[in-house]
Amino acid sequence: MLIVNDEQRLRAGIGSLSKRCQYCCKALAAYPLILSDDARLAVYHAACAAALATEILVDLYTFFSPPAPYQQLFVLTPPGAAPTQETETHLAHEGDRGAHRVPLASPKE
Ligand SMILES: [Zn+2]
């Protein structure tokens, strides 16, 4: 939630601009601010919220599309969906290579 004035800040339960940003630990000091939707009350400078979101996106990208030589841990496929070409290729090679390769559908092991 975007906070741009004292009224919005007080309604969001942020008592003062001297409260510290959860990301950089400096005083909030000025608007605009971003309040997270998490259960715990977390408020950020707008630029810090953008930096945090960017870090999360980069981490997610690396997780779902890791650099070589690492392989993707799993592929999200809706129930009943036809396997993708990648999945079919993987399954076709499964028998050839033995059990050393982690199955696509299993995120752990
Ligand atoms: Zn900050």
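A nonpolar core is a set of buried Ala, Val, Leu, Ile, Met, Phe, Trp, Tyr and Cys residues joined through C-beta atoms within 7 Å. I start there because the word "buried" also needs a cut-off: 20 or more other C-beta atoms within 10 Å of the residue's own. Please keep in mind throughout that this is a predicted model.

With that term in hand, which residues make up the largest nonpolar core? There are 7 in all: I3, C21, L33, I34, V43, Y44 and A49. Two elements, β2 (33-35) and β3 (43-45), each give two or more residues to this core. As background, nonpolar side chains in soluble globular proteins tend to be buried together. In the chain as a whole, buried residues make up 8% of the 109 residues.

Next, the overall layout. The chain has 3 helices and 3 strands, and along the sequence they follow the pattern β-α-β-β-α-α. Of the contacts with a separation of 6 or more, 38% are between residues 24 or more positions apart.

Now the sheet. The 3 strands form an open sheet in the order β1-β2-β3, and their pairing is antiparallel. Its edge strands are β1 (2-3) and β3, each of which pairs on one side only. Between β1 and β2 there are 2 bridges, and L2 stands opposite I34 in β2. Helix α2 packs on this sheet, where it touches β2 and β3, and its direction makes about 100° with that of β3.

Let us stay with α2 for a moment. How far apart are its end C-alpha atoms? They are 27 Å apart. The helix covers residues 46-64, which is 19 residues, and at 1.5 Å a residue the span should be 27 Å, so the two values agree. Is α2 well covered or hardly covered? Hardly: 1 of its 19 residues is buried. On helices in general, an α-helix has 3.6 residues a turn, so residues three or four places apart point the same way.

Back to the core, and to one residue of β3. Which residues does V43 touch, leaving out those up to four places away in sequence? They are I14, K19, C21, Q22, L28, L33 and L35.

One residue on that list, Q22, is in the loop between α1 (6-11) and β2. Apart from neighbours within four places in sequence, Q22 is in contact with A42, V43 and Y44. Q22 counts as partly exposed because it has 18 C-beta neighbours inside 10 Å. Its C-alpha atom is 8.7 Å from that of C48, although the two residues are 26 apart along the chain.

Y23 is also found in the loop between α1 and β2. Y23 has 18 other C-beta atoms within 10 Å and is therefore partly exposed. Setting aside neighbours within four places, Y23 is in contact with Y44, C48, A51 and L52. The C-alpha atoms of Y23 and A49, 26 residues apart along the chain, are separated by 7.7 Å.

The backbone has a few details to point out. Most residues other than glycine have a negative phi, and most peptide bonds are trans. Against that background, C25 has a positive phi, near 65°. C25 is in the loop between α1 and β2, and C25 is exposed because only 8 other C-beta atoms are within 10 Å. A29 is not a glycine either, and has a positive phi of about 70°. A29 is in the loop between α1 and β2 too, and with 12 C-beta neighbours inside 10 Å it counts as exposed.

Where are the cis peptide bonds? One runs from Y31 to P32, with omega near 5°, and P32 is in the loop between α1 and β2. Another joins A68 and P69, with omega about 5°. P69 lies in the loop between α2 and α3 (85-97).

Last, confidence. The chain averages a pLDDT of 79, and 71% of the residues score at least 70. Over residues 93-103 the pLDDT is below 50, and beyond near neighbours in sequence this stretch has 2 contacts in the model. Where pLDDT is low, the predicted coordinates should not be read in detail.

That is the end of my part.

Notes: Residues numbered from 1 in each chain as written. Predicted model: local features only at pLDDT ≥ 70, side-chain atom pairs only at ≥ 80, totals over all residues. Helix = DSSP H or I, 4+ residues; strand = E, 2+ residues; numbered from the N terminus. Expected span 1.5 Å × (residues − 1). Contact = placed C-beta atoms within 7 Å. Pairing = 2+ DSSP bridges. Axes fitted to C-alpha atoms, helices over the stretch in contact; angles between N-to-C directions. pLDDT = per-residue confidence, 0-100.
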